[in-house]
Amino acid sequence: MLHVGLAHFLAVGALLFALGAYCVTTRKNAVGILMGVELILNAANVNFVAFGHYSWGGIHGQVFALFVIVLAAAEAAVGLAIVLTLYRHYKTIDVTRAERLEG
Amino acid sequence: MPNAVEIHWAWLIPALPALGAFANATIGKKLQDRLGKGAVHGIAVGAMVLSTAVAWAYFAVMLGTPAEDRYLHQTLWPAFAAGSLRVDLAFALDPLSMMMTLVVTNIATLIHVYSIGYMAEEPSYWRFFSYMNLFVFSMLLLVMGSNFVILFFGWEGVGLCSYLLISFWYTDLDKARAGMKAFVVNRFGDFAFIIGLFALMWGLGGSWTGQKSGGLSLRDGYAASAVYAPLHDGATAAEAEAMTPREHGIAVGPTLDFRELRAEILAPETGILTHLKTTTIFGLPLVAFVCILLFGGATGKSAQIPLYVWLPDAMAGPTPVSALIHAATMVTAGVYMVARLNFLFALSPAAMTVVAAVGTLTAIFAAAIGFFQVDIKKVLAYSTVSQLGYMFMGVGVGATWAGCYHLLTHAFFKACLFLGSGSVILACHHEQDMRKMGGLKDHTPITRWTYAVATLAISGFPVAAGFFSKDEILWKTFTTENLAAPWIGPVLWFVGLVAAAGTSFYMWRSYYLTFWSGSYRGGSGHGEHAHGGEEGMHEAHAPRESPVVMTGVLLALAAGAVLASVLGLPSAWGFTPILESFLEPVTSASRDLLHFSEPGRGLELFFMLVSVGVATAGWLVAAWLYKTGENPRPAAWLAKYAGLHRVVFNKFYVDEIYAATILRAAMWVKDVAFWFDVHVIDGLVNFVGVVVRFVANVDGAIDRYVVDGLVNLTAEAVLASGRGLRKLQTGRIENYLMTALAGALAFVAINYLVH
Amino acid sequence: MIGRMLAGSSNPPGLPGGGRDGLVYEAKDLFGLGQLSDFLWYALAALTVGSAAGVAFSRNIIYSAFSLLGTFLGAAAMYVYLAAPFVAITQVLIYIGGVLVLILFAVMLTSRIRDVQISNGSLAPLPGALGLLACAGLLGYVGGSTPWHEVARPEMIDQAQALGDGFLSTYLLPFEAASVVLLATLVASVVIARRETDEEEAAGRSEAADRGGAGTPPGAVRAGGRAAHGPPATEEV
Amino acid sequence: MEAAIARNLGSLGAFLPEIVLSAGVLALFLLDLVFRGEGRRGRLTWAFGIVLALAAAALAVTPSSPRGLFNGMVVQDGLGTFFKWLFLATAAYTAGIVVHSKEISRARLGEFYALLLAVLLGMDLMAVSGDLLMVYLSLELVSLVSYALAGFRKDDVRSAEASLKYVIYGGVASGIMLFGISYMYGLFGTTDLALLGPKIKAFSGEVFVAQTLGGATAAQLALVVAVMFVLAGVGYKMASVPWHMWCPDVYEGAPTPFTAFLSVGPKAAGFAVALRFFGVGFTEAAGGGLVNTATVPWPAIVGILAAITMTLGNITALGQTNLKRLLAYSSIAHAGYLLMGLAAASILGFQSVLVYLAVYLFMNLGAFLVVAIMAARTGGEDISAYRGLVRRAPFTAIAFTVFLFSLTGLPPLAGFTGKYLLFAALLQQGGSWYVALAIVGAINSAISLYYYLRIVKAMVLEPPAGAGGPIEVPRTYGALLAGSMAALLFFGLFWSPLYGASLRATQALFRG
């Protein structure tokens, strides 16, 4: 039990995913939601690298994780740019205010 | 399979009206402005005449062919092939579709000619003729198509044209709404039709690979030879043809072609007959399921219970449209379809019983409503519904040819009646209320006599064709052995007989109210033609006979209504009905499956006497009550049964009550859909209130409003749930994300549990 | 703060709990160091998950952002444990050096610092908590109980060279595609975030004027209501 | 490594369209700086058109015999080629809409076109991705740039809100999908779809054996989680319930030309991925049909998704008055119809998806074109703005009617062809559940008539609203409308070419 193994890493991944999911579904702040997305992506990354190490060897898991890191950065850039645009209109980044489109 | 005759010019029959429609749609307005209306109807009527000529030519070809080979066929191009399921753009003329084609082209030509007179003052003359031609095109596709897909093209096409023509005077919102209603109600029917078709295809083709069992098990030898090979299926018809599994030279598997379907179902060696009879779907016998749903489609198009509600409203269209579409042709599409599939319906006594019973019920029900109508076109509308009921009785009890014969005779006399009513309406300055007519026999002699002949035909006097067709149906109904239980036939016969008496009564009532009943009572009305402008052109003068293009058509149709008797002189009189033997190649398919008892010629002759007797009774009562216009009893009875009177006659009053009821009911449904939004108690209270009000209103009111209401209620319920579902889209992103996540988790759970 | 982080990670649900049959796997001894490295790992895991909990539960967006730093660092440490130092370094460089800085910028730009509480309040915490438990339970169970395929002896070598080779051979196309993604995305971000140049505004106005009829300049009406007029001084990036 | 490099070099020739598009992105960024002044709009559009034409030419000369490219990262086959043509047509049509659109200002047109090309490149890559890594990358390329394009009208608060919702939703969806992929990798050690197929089969076999002995629940659950999470990412692209909720808001807020593009392109790309994912990974051809090799009953799940998606889409559409929202719900409903083809899990089913998408391109882009025309000319997206349109712009009104009827599936328009094939595919499979799904589909297409007909009624039967002068429609738009109508009529009556193309595309999938 105390011996750290694959399952332990997967548990960390699972918890990161769950916390990320909680974050995106409950945060009012748009930036807060984007942080939740980062948590989810990190969860997947931990899984990838752990599987690569314990299960299959080779570099495929790491490569996947690297691409995810790069795309996460790109996504953060776009997401934050959009948040700024919204802020210009609403003077807030509280997503509950952005409900003009509904129904 | 008997040989088919390949023909090459059949496409002209529908193509000519299509061309006419196209020409008038594109350049019609310019032609009308520059060359006058003659150019417009020249194109339209010319197209119809040519098309009719081609149809007669092929009729001649058909008569020159041995009876068993009477299947004229033309494939334009292979439209589509999926696996072994192939659809060609193909036309087929067998005796049944030949008869229908002739009816459609000839009656339509006459009605086109009539429209020249009737629509003479219409500014959008070109648009009218364009729609009319388009309708004929669609109708011809419907009757000439060799497979379900072409039939469905036409089926939807006539619906669309009907919609366009009912709401022809679209500036009047009520008329536009009537058009919408026709279209939407018809879609309900279409939906049943499509599902029936699905189930049929499934029964013919599903699961034959034996891998994905849908509860089907076919005879081993059969299943092995009928395996699909989708991996190697062809993109072209030739390839698909080459790979169609064949058993004893007959293609098996799902097919949309009527002839192939018939061949594979009827050839016992394919095993499909047994297979279809033993298969069940959702626990129901497959054939019954399929046939009842297909018939459901027919109830929409042919205005049977419960989907007939659109037809009376459809009278908002111009009268020639009512005559062509809502009496002579389109509404018979359902009968045609059932007749065409007689081999399928014959497999299921339950389905036959449903068809016959619904037909009979509709016949008497619509006849009863006809008693109360004062609008001349509404009377004819309900009589159409009623007569269509007779046709379904005929095809439902297994007397396919009798149903078709009634279809044919009805086309003549009902077109004559409708066009006669159009002539009357024109003479009375667009007045449709019979109470404001009267005494027209002196003003419009030709209309009066033709109307009288047609009335003789519809009420069943042996001088005109309607007698023979209706009587054959009644006789077959009495002697049928094809229904679910032996007592049903005689019961239906009795109901049909009562309906015949009713028919005779209300038709003669309309005749006397219009043409006798004292002197002309009307002024200048605004009944049908609310298009504005033209009213001023009429001065208040006495009714005047219509122009010769109209009366000529009336004479032709009246003559047709009498002469059509020749086609069906009964065997009880020692004749062999010509039409029966002509249709034999079509009906022979189900010959072995259908049986009629033969109680003897004497009884048949006696029944004919009874028929004539009840028709005479109806006539006499009508004459007694309405001929002089001075008999006080109708008015007295109306006063006595004032409650009924108010409910039936005061349509607005009833509609308003009903609208309120529906509104409440719809609110209730909405509440149920979102029960978490409201207190359950409120919902229950509403429910009780709605039910009480509902019962109270139904009590004494005519059933039609219930049916109408149910259709509305369904629509309202769907709309209400749509409004409710919109609330789910809150506009708040966190709710969206919650849904997405919960959805993913829920599907994981379902997936895991289902497995 | 630290106490809450620890509390958040004290008992991760769904850790492997015996009862495995059939395709059994055995836990491996990390680095051959035995218990010491294991305990260190637990501390790092606590940091990672605890910081993540801080991100998720903190009521102040600044605290969330700094908690995210802990998560990223913890994840990087995990990668070190998994013999993926290159990924760990990339994580530190890009995530902490890039993403986190971006996020902090965004927080600063969109929050009025003089506000006492820079809100990051929660909505519907109860359904969210249910989702949290469901996810953690499900994924924890799957992660812990599935008989994953495992190699006998995980490789411990540095794979930086292998990664370099891979990116230029097997993974060439994804590598190039990622560069296209980055280019397009960065241009897109600029397009979104920058203010309209004078020329563009002029062009927009002239075209809006062409519109005629019922047309109105976009935004003038639609952006009404809650939207304030005129860009604030703080929004310059 | 040398072998891998050699394979990469050898793949370049077959990758010409993508290379052209990449170069086109750069070229348009540069030309954006070069073209100035009055003629800018036309010149940029020409440049965009030339890039598309070059890409089309490159696509025409590229072979489509099935083989893996770039070490299996992408696949060259008929399915990919089919979708590439579809995407090129979508982009070209969108350019036709943009050229007169007031929503994309002249000054920013170059950026718009360049980014649109980037999305197009991403969709092309999605259609040919043979590895989940490439699926993720290309899906992100499409998504990330689409977020920006949805928020392209910075002056419009609705546009900003739309893009915010889109970016958050898309980020979460792709994160979920990525997590699913990580489990796929953990279970099978590869993300190459072609290698996954046999492994999934073998794994499912083991799980099945273990299950009959009463174990392996966790392994089964792991597979289910992996598949469902991947489906969530793909479903978000298709706008399928319950991953559809971004769709109406984004459609309403985004600039209309881009909404048009969004309603066809990325949806089709999502289906391309789904077809390949399930077709290659989870089925194999056996006994003349396809069989599911996994212990995940994915056809049933997709069938349930289909039923829910179309029902919810159609019923919610009933109450809409904003045309863009209405069409958004209609496009959700259409995603449901398309899922029926996937649920059929047969070759005919896959074909029907292709045919329907091709038909959907014409009718949906046409419908959005009309919405764009009306928004530009009357400033209204509400149904009331369409009242009496038949007298103000008869041709446009007729065209819109044709598109709406085709969306309903009325013959003889091509929408009927598509629905016919979808239903045929279900019925060919047999089984009362398939028939039930077909029945749900038929009910839905009956319901959908109601809201489409409401628009037609407003256009044809109601008097024009306000000052109802005639509406001028630019010639480009007229040509596009006429072309779409002609295509719908043609494919409605003569659908063998489309069917043949779809057959070639799907056969490649199962033979390659």
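**Close-ups of chains B and D**

**View 1. Chain B on its own, with 30 helices and 7 strands.** This is a predicted model. Of the 755 residues in chain B, 61% are buried. Take the contacts in chain B with a separation of 6 or more: 79% of them join residues 24 or more positions apart.

**View 2. Where chain B meets chain D.** On the chain B side, 70 residues are in contact with 86 residues of chain D. Together the two chains bury about 7,000 Å², and carbon and sulfur atoms account for 74% of that. The salt-bridge rule comes up with 0 across this interface, while 2 residue pairs make polar contact, with both partners at pLDDT 80 or more.

**View 3. The chain B face of that interface, piece by piece.** Two strands, β2 (72-82) and β3 (85-93), each give at least two residues to the side that touches chain D, and so do the helices α5 (148-166), α6 (173-205), α29 (703-726) and α30 (733-754). The largest share comes from α30(B), with 15 residues. Sorted by class, this side of chain B has 46 nonpolar residues, 18 polar ones and 6 charged ones.

**View 4. Helix α3 of chain D, residues 40-61.** With 22 residues at 1.5 Å apiece, this helix should span 32 Å, and the 31 Å between its end C-alpha atoms agrees with that. Which residues of α3(D) are buried? They start with D:Arg40 and D:Arg41, then run through D:Leu44, D:Thr45, D:Ala47, D:Phe48, D:Val51 and D:Leu52 to D:Ala55, D:Ala56, D:Ala58 and D:Leu59.

Conventions
Residues numbered from 1 in each chain as written. Chains lettered and ligands numbered in written order. Predicted model: local features only at pLDDT ≥ 70, side-chain atom pairs only at ≥ 80, totals over all residues. Heavy atoms only, no water. Helix = DSSP H or I, 4+ residues; strand = E, 2+ residues; numbered from the N terminus. Expected span 1.5 Å × (residues − 1). Buried < 20%, exposed > 50% of the residue type's maximum accessible area, 1.4 Å probe, protein only. Contact = heavy atoms within 4.5 Å. Buried area = accessible area lost by both parts, 1.4 Å probe. Salt bridge = Lys/Arg side-chain N within 4 Å of Asp/Glu carboxyl O. Polar contact = N/O pair within 3.5 Å; in protein donor to acceptor, adjacent residues only side chain to side chain. Nonpolar A, V, L, I, M, F, W, Y, C, P; charged D, E, K, R; others polar.
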